[in-house]
Amino acid sequence: MRHRSRLTSIERQIENQRLHALVVTHPANIRYLCGFTGSSGVLVYVRGDWFFFTDGRYTQQAKGEVKEAMVRVDSLPPLAHATGWIATKLKPLQGQVHIGVEAEHLTLSARTRISRDLRMSLPPSKYRLVETTGIVERLRVVKDRTEVQQILSAVELASSIFPEAITSIRVGATENAVSARLDFLARNAGAEKMSFETIVASGPRSALPHARPTGLAIVPGFVVLDYGVIVSGYCSDMTRTVHLGRADHASRDLYAAVLEAQLAGIAAVRPGVEAAQVDEAARKVLRKRKLDKFFTHSLGHGLGLEIHEVPRLAKGQTQVLEPGMVITIEPGVYIPGRGGIRIEDTVLVTEAGSEVLTPTSKELVIC
Ligand code: ZN
Ligand code: ZN
């Protein structure tokens, strides 16, 4: 049912953009529209019908998973199979036909192959490849009840392992060891996989917003842990910054400032506000303390089937928040040579405002 209504929405977009066909190649978009979770497949709309092309490895899986599209299995690569099919279906039409592709996801070589395969059946003047952007992503931005539930399951699983994960943070333990422990606990608790490479960053390395864990030993000071898990295909994302050893006044103040900014960001989340306003609400708190120059990234991002989705909560982003959007709020302060702090929750936009999904406390933990 949900797949049918999603396809109907896409059909309206196809009509608005005057396309005769649409080629969906991005796996997350394919999964969203027809339910297929494998890695090799192409979903095609052509002349009123949806077709899903895959290869022999996925015959059984496609039959079990694909909803609302006719499954076609062939020994040809799915994209070649799909292109030939489109050419056959569109050939009888009068005039030039417009075939939409997902410009943000199609490689140049795949585009060249599509053109080459189309030319085998159609004269070059007969067709035009139209670069579309965000047709499916715009639909994915508002989550339905089931999706919110799936994200919540991922968020709760990630939070549930946090208390045990931080017991491995001690002087001498490496960042790698802590991140491996985190990943192990997550998988053991039922995560399909991590939503991205777990970040564990200690000492001056905590001032790198996207630090990769290293073989270096954790040193006293702030330790940033940023991780997420995937459950039923949906991602979670959280960051907590803990302190190894006693935290002095200045460190506690810095932590309090980031937390205040994070709470201000959350308080600004409600339907009708622009993404940039939420970013500004958090940034303003840091500006008052002359810390805004150390907050070097955007405030947050949407998440769902992918870890980074629209909307982007950043300066200049005019997208208006709507109930059902799920976003992160994650301000940080990174002082080169000294260290960094980031606090991140996953937040649902509701009719009344917002609901923080991440249950983990944000009080500074001393390890
Ligand atoms: Zn994160
Ligand atoms: Zn994030």
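How many salt bridges does a search of the whole structure find? In this predicted model, the search returns 21 salt bridges. Several of these pairs are described below, after the packing of two helices.

Helix α1 spans residues 2-16 and helix α2 spans residues 27-34. The axes of the two helices come within 7 Å and cross at roughly 120 degrees. The arrangement of α1 relative to α2 is therefore oblique, because an angle of this kind lies outside the range of 65 to 115 degrees that counts as roughly perpendicular and is not over 145 degrees, the limit for roughly antiparallel. On the α1 side, the residues that meet α2 are His3, Arg6, Leu7 and Ile10. Their counterparts in α2 are Arg31, Tyr32, Leu33 and Cys34. Sorted by class, the contact of α1 with α2 comprises five nonpolar residues, one polar residue and two charged residues.

Arg6, in addition to its place in the contact with α2, belongs to a network of salt bridges. The network links Arg6 with Arg2, Asp144 and Glu147.

A further salt bridge joins the side chains of Glu131 and Arg111, with an N to O distance of 2.9 Å. Glu131 is located in strand β6 (residues 127-132), whereas Arg111 is located in helix α5 (residues 108-119). The pair therefore ties together parts of the chain that are 20 residues apart in sequence. Glu131 has a relative accessibility of 54% and so counts as exposed, the cut-off for this class being over 50%. Arg111, with a relative accessible area of 28%, is partly exposed.

The side chains of Asp55 and Arg57 also meet in a salt bridge, at 2.9 Å from N to O. Is Asp55 buried or exposed? Its relative accessibility is 11%, so Asp55 counts as buried, since the cut-off for burial is under 20%. Arg57, by contrast, has a relative accessibility of 63% and therefore counts as exposed.

Asp117 and Arg116 form another salt bridge, in which the closest N and O atoms are 3.4 Å apart. Asp117 is buried, because its relative accessible area is 11%. Arg116 has a relative accessible area of 45% and is therefore partly exposed. In this pair, a buried acidic residue, Asp117, is thus joined to a partly exposed partner, Arg116.

Definitions and conventions
Residues numbered from 1 in each chain as written. Chains lettered and ligands numbered in written order. Predicted model: local features only at pLDDT ≥ 70, side-chain atom pairs only at ≥ 80, totals over all residues. Heavy atoms only, no water. Axes fitted to C-alpha atoms, helices over the stretch in contact; angles between N-to-C directions. Helix = DSSP H or I, 4+ residues; strand = E, 2+ residues; numbered from the N terminus. Parallel < 35°, antiparallel > 145°, perpendicular 65-115°, else oblique. Contact = heavy atoms within 4.5 Å. Nonpolar A, V, L, I, M, F, W, Y, C, P; charged D, E, K, R; others polar. Salt bridge = Lys/Arg side-chain N within 4 Å of Asp/Glu carboxyl O. Buried < 20%, exposed > 50% of the residue type's maximum accessible area, 1.4 Å probe, protein only.
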